[in-house]
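Hi,

Here is the structure I promised to pass on. Please have a look at it first, and then read my notes below.

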Amino acid sequence: MEQQPPPADPTPGPEYRWPSLLPAAVAAELDPDRIRNGRARRTVRDWIVDFACFLTAVLVGLVGAEAVGSNPNVPPGLVRVDHAVGALACAAVWLRRRWPVGLAIAMVPVSLVSDTAGGAAVVSIFTLAVHRPFRYVAWIGGISVAVVPLYYWLRPEPDLPYVITVAFAVLMSVTVIGWGMFVRSRRQLLLSLRERAERAESEAALRAKEAQRLAREAIAREMHDVLAHRLTLLSVHAGALEFRPDAPEKEIARAAGVIRDSAHEALQDLREIIGVLRTDASGDEGGRPQPTLAALDALVAESRAAGMKVALDNRVADPEAVPAGAGRNAYRIAQEGLTNARKHAPGAEVTVRVAGAPGEGLTVEVRNPAPPGDVPEVPGSGQGLIGLTERATLAGGRLTHGAEGDGGFRIAAWLPWAP
């Protein structure tokens, strides 16, 4: 039977309800789907505010209509024109969101000839301050304030002095403009806070990704440094058994033992690395301790047991006194050098030199001459030396490597050792 999709939740979450309580301009920034044909759809709040503005314009217009009707300085014919213009101005309030600048400009001359349009003029200048930058408010609002003395000079109030009437009208206009600018700045603050929150979340996500990338690189570098040494032993001795099937039994047994031990060590190292990946950040990583410079003798002995010719010149008086970080890096550098020599210069004698003291730093050098014969092709990624250079650089040291004139190869590193 065809599986039916799960029924949708009939109760929408807050993310679908709250935009209706915000202005359309803010809701469109939070939800771009609300934009249709380049304009944001009105929210429930917008309709309520628009109706309130229209009602305010009508109520103020009625007061103005009564005042102009009782003003003896206004002829009766002009009163009827005043009422008609005021009614059209109140109807034009519904266009304030679409053309705030045009409506405000139109209301400047209209307010000069109509007392009934006073409410619409106040609403238009408030809308301009809310929806447009300050330069529009400065020009249009300044002109509307500047014509106030002219208006009351043409239509003086019979019961109030001219100066008081002008001062009150100017104060009301400035208050409306300031209120509109406050509303606009509050909306911009809300959007800027949201933008900063989104930027902070984005930066946190980038930092998390960068931390993951660095952790993966560190794990990959550690896996290469650890497993390349073991797997090279496997490859070299398996190749020797393949090309020397008639070798003496003791040599075959020794090679088989090296292969077995290297495979066991490689599996053990791999288990440790996978264990680190699986371990919780607050848990104990477990596993064997990381190698230090004191383990260099065991590394050289292991290489000699595998058939390499290695000369160790360790001039560090007390390897145990070397800091753990510097000692581990020195061990990995020597390990990588021996691995490369085993792959690319089999049969050549490798020289490992280690020297240093507190305050002077720790130097590690691995050198091998040209191989005495043909070198079998051993696969390699070429990333080991790059990882060593990065390891030394991250530790505050430096590493150089390259071929020498006699056909040999040399790796030299200096690592900091604090006094």
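**Notes on the sheet and one helix**

Arg398 sits opposite Trp414, a residue of β7. These two strands, β6 and β7 (residues 409–415), are antiparallel and are joined by six bridges. Helix α13 (residues 384–394) packs on the sheet here, in contact with β6 and β7, and its direction is at about 155° to that of β6. Please keep in mind that this is a predicted model.

The wider sheet is open and has five strands, ordered β3-β4-β5-β7-β6, with mixed pairing. Its edges are β3 (309–314) and β6 (398–403); each has a single partner strand, so one side of each is left without a neighbour in the sheet. On average, neighbouring strands are turned by 10° against each other, ignoring direction. Helix α11 (residues 296–305) lies across β3 and β4 (349–357), and runs at about 165° to β3.

The other part I looked at is helix α4 (residues 76–92). Its 17 residues reach 25 Å from the first C-alpha to the last, close to the 24 Å expected at 1.5 Å a residue. Which residues of α4 are buried? They are Val79, Asp82, Gly86, Ala89, Cys90 and Ala92. Viewed down the axis of α4, these buried residues fall within an arc of 145°, so they line one face of the helix. What covers them includes α3 (44–69), α5 (100–113) and α6 (118–131). On the face of α4 turned away from the buried side, you will find the exposed residues Arg80 and Leu88.

Best wishes

Terms used: Residues numbered from 1 in each chain as written. Predicted model: local features only at pLDDT ≥ 70, side-chain atom pairs only at ≥ 80, totals over all residues. Heavy atoms only, no water. Helix = DSSP H or I, 4+ residues; strand = E, 2+ residues; numbered from the N terminus. Expected span 1.5 Å × (residues − 1). Buried < 20%, exposed > 50% of the residue type's maximum accessible area, 1.4 Å probe, protein only. Arc of directions from axis to C-beta. Contact = heavy atoms within 4.5 Å. Pairing = 2+ DSSP bridges. Axes fitted to C-alpha atoms, helices over the stretch in contact; angles between N-to-C directions.
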